[in-house]
Amino acid sequence: MDANEAAGGQLVGADEAEYQKKVKRIKKEEARIKKLFGNIEEDRKKLVLTTIADVAFMTITMQDLRETINRKGTTAIYKNGENQYGTKQSPESQTYLQLSQKLTQAMKILVDCMPKPERKQAGTGDDFEDFVEGREDV
């Protein structure tokens with residue numbers, strides 16, 4: 001058993017304080033994102049709450065990983081057997097890249113749930129502007 005764990009796997013001391021600090025940061029980020037989505041329809045809001053929680057978690061976790069990567073770099077030294085050494089991408093870098101991809105996907109889901117801006121009256125601009133503004137994927 002790790003010296004930082006008590007019976008039953010509970011965190012103690014500095015680990016518990018770090019955990020509580022991270023939870024607080026995640027909740028603050030989640031509240032910030034929810035505020036951005038205050039204008040969406042209630043039925044959509046219920047659907048995106050889990051995604052908002054995931055985005056908040058990934059954002060804070062990526063901030064922590066970024067700090068670790070800045071300190072330690074993006075590579076790690078490995079040893080396989082007695083005479084086999086080398087470098088590889090650090091676990092933090094791998095996790096950061098994976099989270100970055102997932103965060104991008106989750107953010108797209110959230111952006112797609114935002115209300116569409118009201119369109120200008122047709123004919124006020126040129127036809128190209130009307131075409132672009134009328135597209136769903138923009």
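Helices, such as the α2 considered below, are DSSP runs of H or I that are at least four residues long and are numbered from the N terminus. In this predicted model, α2 is followed by Gly73, a residue whose phi is positive, near 95 degrees.

The chain as a whole contains four helices and two strands, and these elements, read from the N terminus on, follow the order α-α-β-β-α-α. The chain has 138 residues, of which 20% count as buried, and the area that it exposes comes to about 10800 Å², with carbon and sulfur atoms supplying 52% of that area. Where contacts in the chain join residues at least 6 apart in sequence, 49% of them link residues that are at least 24 apart.

Helix α2 covers residues 42-72, and because each residue should add 1.5 Å, its 31 residues are expected to span 45 Å, a value with which the computed distance of 44 Å between its end C-alpha atoms agrees. A bend of about 45 degrees is nevertheless found in α2 at Val48, and Val48 is also one of the buried residues of this helix.

The other buried residues of α2 are Thr51, Ile52, Val55, Ala56, Met58, Thr59, Ile60, Thr61, Met62, Leu65 and Ile69. An α-helix has 3.6 residues a turn, so residues three or four places apart point the same way. The partners of the buried residues of α2 are two other helices, since these residues pack against α1, which comprises residues 13-36, and against α3, which comprises residues 91-113.

Conventions. Residues numbered from 1 in each chain as written. Predicted model: local features only at pLDDT ≥ 70, side-chain atom pairs only at ≥ 80, totals over all residues. Heavy atoms only, no water. Expected span 1.5 Å × (residues − 1). Bend = angle between axes of the 7 residues up to and from the residue. Buried < 20%, exposed > 50% of the residue type's maximum accessible area, 1.4 Å probe, protein only. Contact = heavy atoms within 4.5 Å. Areas by Shrake-Rupley, 256 points an atom, 1.4 Å probe, with all protein chains shown as cover.
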